[in-house]
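Work through these exercises with the sequence and the 3D view open. Try each task before reading its solution.

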Amino acid sequence: MISVAIAEVAEYAHLSEADVEALGSSLDEIRRDIEGSLGANDRAYIKRVIRFQRCLEVASRLTIWASRGKAGWMAGTLGLLAAKCIENMELGHNITHGQWDWMNDPEIHSNTWEWDMVSPSSQWRYAHNYRHHVYSNVIGMDDDLGFGVIRVSRDQEWKPGYLWAPLRAVGLSVVFEWGIALHNLAAEQRDQATEEEKAELKRAMFRKMGRQAAKDYLFYPALSGRRFLRTFLANLIAAGFRNGWAYIVIVCGHFVDGAEKFTPETVENETKPEWYLRQMLGTANFDAGPVLRLMSGNLCYQIEHHLFPDLPSNRLPEISARVRALLAEHDLPYTTGPLIRQFWHTVRTICKLSLPDRFLTASSDDAPETASEEKFRDVPMLAQIRVTHEFGTQRRGLATATANRAGQRMKRGRVRPSSRRTAAVAALVSLFTARP
């Protein structure tokens with residue numbers, strides 16, 4: 001299969017080696033500044049969020065138990081949903097990343113925090129912190145690239161099962177915590193030397209699943225006595241929508257247009273500045289206000305989170321302003337947009353790539369969900385762009401080159417809406433009427 005992912009990251013970014021080194025130095029400086037300023041305000045923030053989340057959960061459960069009408073039950077269920085989202089995203093995800101280890105608090109530490117999910121925190125740390133964050137969006141190395149059930153890159157070989165990818169995506173979003181638990185188990189089991197070690201990991205997962213299910217669907221409902229079913233349904237709905245929200249936040253950070261994919265060659269002898277560059281090109285943000293930031297665990301700043309996964313989430317807005325300015329200085333795109341638009345991009349990509357490649361007309365030059373350095377190799381100015389930037393001159397980099405290429409396509413009329421619709425209809429008819 002011909003690769004359509006990025007193999008030469010610096011070339012794709014229109015940067016010279018010196019530019020990449022300078023970019024890395026600037027990002028290292030941001031890290032040093034934030035680490036040097038961590039203190040009482042950050043400590044107060046995380047403790048305040050923990051208190052708020054716990055109080056909200058208790059108040060919501062009491063409302064579900066004490067209310068007599070549907071309005072009270074709905075209010076309690078919505079409160080419980082919010083509490084679960086905050087615990088999952090702003091607390092569980094970020095604490096387990098080690099963002100608050102600098103406080104040396106035995107309760108708020110990545111090695112001791114056990115979150116309100118069916119996956120053991122230790123297994124999630126291995127699959128997410130190591131495999132995903134180190135090899136983000138690298139084909140065949142990042143286990144989170146499609147989670148093994150959906151196709152988000154043409155470099156993932158098409159199989160007949162991908163025809164059901166849109167339905168798989170919907171199902172995965174509803175039972176996301178259970179799917180992630182199995183996903184994490186498989187990722188860690190691959191690196192175990194003995195069958196006993198693999199079996200122990202499986203036992204640990206089943207123990208956590210059992211405790212979590214018993215707490216949500218037996219213990220709390222049982223406390224409600226005759227209102228067992230009422231509490232059971234509230235817990236089921238809150239967990240289901242929390243799963244869906246976590247799914248939306250994660251896919252919007254990794255599968256949208258502009259979150260690029262990479263070949264395994266990119267990580268061979270990769271330097272820290274090159275790793276920084278790959279993280280910035282392979283992730284995306286979405287626009288959010290204070291409430292949405294809290295509910296998403298500040299993962300609306302996915303670019304900044306992937307650059308500095310162990311820095312506290314409450315500092316990401318501050319980091320974002322500096323990263324955005326740095327990207328503008330190097331004429332690199334800062335991929336962000338409204339949440340609805342970003343999510344639509346992921347839905348479109350999953351539906352489109354569920355079809356065999358022969359039905360996909362766009363190439364790496366013009367497909368919105370994928371790109372490679374081949375996109376610009378027919379541009380004569382490329383060699384001049386990738387020389388070291390001279391101070392005081394206007395930089396012409398990836399952002400400008402992408403915009404110019406998009407403008408050229410529009411002028412040539414290479415892709416027309418009517419032809420797209422015709423091609424899509426023809427593809428579906430051919431697919432379901434072809435002889436086996």
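Angles over 145 degrees between helix directions count as roughly antiparallel. Keep in mind that this is a predicted model.

**Exercise 1. Two helices, one angle**

Task: Decide how α2 and α13 run relative to each other, and give the hand of their crossing.

Solution:
- Step 1. Find helix α2 at residues 17–37. Find α13 at residues 316–329.
- Step 2. Read the geometry. The axes of α2 and α13 come within 11 Å and cross at roughly 165°.
- Step 3. Apply the cut-off. Angles over 145 degrees count as roughly antiparallel, and therefore α2 and α13 are roughly antiparallel to each other.
- Step 4. Add the hand. The crossing of α2 past α13 is right-handed.

**Exercise 2. A second helix pair**

Task: Describe the packing of α3 against α4, including the residue classes in the contact.

Solution:
- Step 1. Locate the helices. Helix α3 spans residues 40–66, and α4 spans 70–96.
- Step 2. Take the packing values. The axes of α3 and α4 lie 8 Å apart, at an angle of about 155°.
- Step 3. Classify. This angle makes α3 roughly antiparallel to α4.
- Step 4. Break the contact down by class. Between α3 and α4 there are 13 nonpolar, 7 polar and 5 charged residues.
- Step 5. Give the hand. α3 passes α4 in a left-handed crossing.

**Exercise 3. Aromatic pairs**

Task: Count the aromatic pairs, then classify Tyr45 with Trp100 and Trp275 with Tyr276.

Solution:
- Step 1. Set the rule. Rings pair if their centres lie within 6.5 Å. By this rule there are 13 aromatic pairs.
- Step 2. Take Tyr45 and Trp100. Their ring centres are 6.3 Å apart, with 25° between the planes. Planes under 30 degrees apart count as stacked, so Tyr45 and Trp100 form a stacked pair.
- Step 3. Place both residues. Tyr45 is in helix α3, and Trp100 is in the loop between α4 and α5. They are 55 residues apart, and the pair links distant parts of the chain.
- Step 4. Check burial, where the cut-off is under 20% relative accessible area. Tyr45 counts as buried at 16% relative accessibility. Trp100 counts as buried at 0%.
- Step 5. Turn to Trp275 and Tyr276. Their ring centres are 5.8 Å apart and the planes stand at 55°, so this pair is tilted.
- Step 6. Check burial again. Trp275 is buried at 14% relative accessible area. Tyr276 is buried at 0%.

**Exercise 4. A cluster and a charge**

Task: Which residues form one aromatic cluster with Phe147, and what is the phi of Phe147?

Solution:
- Step 1. Name the cluster. Phe147, Phe176, Tyr247 and Phe255 form one aromatic cluster.
- Step 2. Place Phe147. This residue lies in the loop between α5 and α6. Phe147 is buried, with 10% relative accessible area.
- Step 3. Read its backbone. Phi of Phe147 is near 55°, which is positive in a residue other than glycine.
- Step 4. Compare another loop residue. Asn298 lies in the loop between α11 and α12. Its phi is near 60°, also positive in a residue other than glycine. Asn298 counts as buried at 4% relative accessibility.
- Step 5. Look at a charge over a ring. The charged end of Arg61 sits over the ring of Tyr220, 3.7 Å from its centre.

**Exercise 5. Apart in sequence, paired in space**

Task: For Leu81, Val152 and Asn314, find the C-alpha distance to Phe241, Cys351 and Leu294 respectively.

Solution:
- Step 1. Start with Leu81, found in helix α4. Leu81 counts as buried at 18% relative accessibility. Its C-alpha is 7.0 Å from that of Phe241, 160 residues away along the chain.
- Step 2. Go to Val152, in the loop between α5 and α6. Val152 counts as buried at 1%. The C-alpha atoms of Val152 and Cys351 are 9.3 Å apart, with their positions 199 residues apart along the chain.
- Step 3. Finish with Asn314, in the loop between α12 and α13. Asn314 is partly exposed, at 23% relative accessible area. Its C-alpha is separated by 9.0 Å from that of Leu294, 20 residues apart along the chain.

Key: Residues numbered from 1 in each chain as written. Predicted model: local features only at pLDDT ≥ 70, side-chain atom pairs only at ≥ 80, totals over all residues. Heavy atoms only, no water. Phe/Tyr/Trp six-rings, centres within 6.5 Å; stacked < 30°, edge-to-face > 60°. Helix = DSSP H or I, 4+ residues; strand = E, 2+ residues; numbered from the N terminus. Buried < 20%, exposed > 50% of the residue type's maximum accessible area, 1.4 Å probe, protein only. Lys NZ or Arg CZ within 6 Å of the ring centre and 35° of its normal. Axes fitted to C-alpha atoms, helices over the stretch in contact; angles between N-to-C directions. Parallel < 35°, antiparallel > 145°, perpendicular 65-115°, else oblique. Left-handed = near helix turned anticlockwise from the far one by under 90°. Nonpolar A, V, L, I, M, F, W, Y, C, P; charged D, E, K, R; others polar.
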